[in-house]
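Grab a pencil and work through these exercises with the structure open beside you. Try each task on your own before you read the solution.

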Amino acid sequence: MREKSPKGLIAVLVILFILIIDQASKIWVKTNMALYDSIEITKWFKIYFVENNGMAFGIEAIGKVFLSVFRIIAVIFIGIFLARIIKQEYKIGFIICISMVLAGAFGNIIDSVFYGEIFSASYPGHVASFVPIGEGYASWLHGKVVDMLYFPLIDTTLPNWVPIWGGAKILFFRFIFNLADSSIFIGVTLLLLFYRKTLSQSLQSKKEKKKTIKLNG
């Protein structure tokens, strides 16, 4: 009889690994760099400390409390979904991708929920530090997400002879993000590239299960 692979254990290890690396990098940046400080690793890769209230890659669009609550609800649903597919015959690669998305979302939730309570404020010329709970820069759910990974792969100015855009500054990639954002992006990208059909089938089976429960009820 073929033994079942420890899919649940693998999922937990993936989530813990990403969370530990993500939080370790954020705490180091938060307690060693002032806001907008930059460390050049190479010409195209810098550690650039910024904070944001919004979605991944520093995109801000909606209220902070709403965003924090939305993240928490999303993580709960993803966690339930992950627990369900672990019990079924899905490939480990698919489970790892979902685990990466869950870990990334949860990593940014930690910032939003706790950082405002346990850190002093970061601003230019001032490095933050841990403070007693309740003495931080913001209340629960109002913490800012720490971003630091910056890849200015192309940073140049177009020649003046170029029509329309001559003299314009070109900067790619301008977004600053963190390891949690990377985990979400990579997980979703792999799902779309290699597990789109599997994802569709897993979501469809969930709908069919609900329909069966309704009919039986």
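**Exercise 1.** Find the strand that holds T42, then decide how T42 should be classed: buried, partly exposed or exposed.

*Solution.* Keep in mind that you're looking at a predicted model.
- Step 1: T42 sits in strand β1, which covers residues 38–42.
- Step 2: The relative accessible area of T42 is 27%. Buried would need under 20%, and exposed would need over 50%, so T42 counts as partly exposed.
- Step 3: Now look across the fold. F151 is 109 residues away from T42 in sequence, yet their C-alphas are 9.3 Å apart in space.

**Exercise 2.** Describe helix α3: work out its span, find its bend and say how enclosed it is.

*Solution.*
- Step 1: Helix α3 runs over residues 92–118, which makes 27 residues.
- Step 2: At 1.5 Å a residue you'd expect 39 Å, and the span from first C-alpha to last is close to that, at 37 Å.
- Step 3: Follow the helix along and you'll meet a bend of about 30° at S112.
- Step 4: Of the 27 residues in α3, 22 are buried, so the helix is largely enclosed by the rest of the structure.

**Exercise 3.** Which residues touch the most other members of the largest nonpolar core, and which element gives the most to it?

*Solution.*
- Step 1: Here's the background: in soluble globular proteins, nonpolar side chains tend to be buried together.
- Step 2: This core has 36 residues, and the ones touching the most other members are V29, I47, L82, I85, F94, I98 and L191.
- Step 3: Two or more residues come from each of α1 (7–32), β2 (45–52), α2, α3 and β3 (145–150).
- Step 4: The top contributor is α3, with 13 residues.

**Exercise 4.** Trace the salt bridges of K26 and say what network they build.

*Solution.*
- Step 1: A search of the whole structure turns up four salt bridges.
- Step 2: K26 pairs with D22, at 3.0 Å from N to O. These two are four residues apart in helix α1, so about one helical turn separates them. Both K26 and D22 are buried.
- Step 3: K26 also pairs with D111, with the closest N and O atoms 3.1 Å apart. This pair links distant parts of the chain, since K26 is in helix α1 and D111 is in helix α3, 85 residues apart.
- Step 4: D111 has 0% relative accessibility, so it counts as buried.
- Step 5: Now look at another pair, E51 and K30, whose closest N and O atoms are 2.5 Å apart. E51 is in strand β2 and K30 in helix α1, so their salt bridge ties together parts 21 residues apart in sequence. Both are buried, E51 at 17% and K30 at 0%.
- Step 6: Put the shared partners together, and D22, K26 and D111 form one network.

**Exercise 5.** R71 has no salt bridge; what does its side chain contact instead?

*Solution.*
- Step 1: R71 belongs to helix α2, residues 64–86.
- Step 2: R71 is buried, and the nearest side chain of opposite charge is D181, 6.1 Å away. A salt bridge needs the atoms within 4 Å.
- Step 3: The R71 side chain makes a polar contact with the side chain of S112, at 2.7 Å. You've met S112 before: α3 bends there.

Methods: Residues numbered from 1 in each chain as written. Predicted model: local features only at pLDDT ≥ 70, side-chain atom pairs only at ≥ 80, totals over all residues. Heavy atoms only, no water. Buried < 20%, exposed > 50% of the residue type's maximum accessible area, 1.4 Å probe, protein only. Lys, Arg positive; Asp, Glu negative; His and termini not counted. Polar contact = N/O pair within 3.5 Å; in protein donor to acceptor, adjacent residues only side chain to side chain. Expected span 1.5 Å × (residues − 1). Bend = angle between axes of the 7 residues up to and from the residue. Core = buried A, V, L, I, M, F, W, Y, C linked by side-chain atoms within 4.5 Å.
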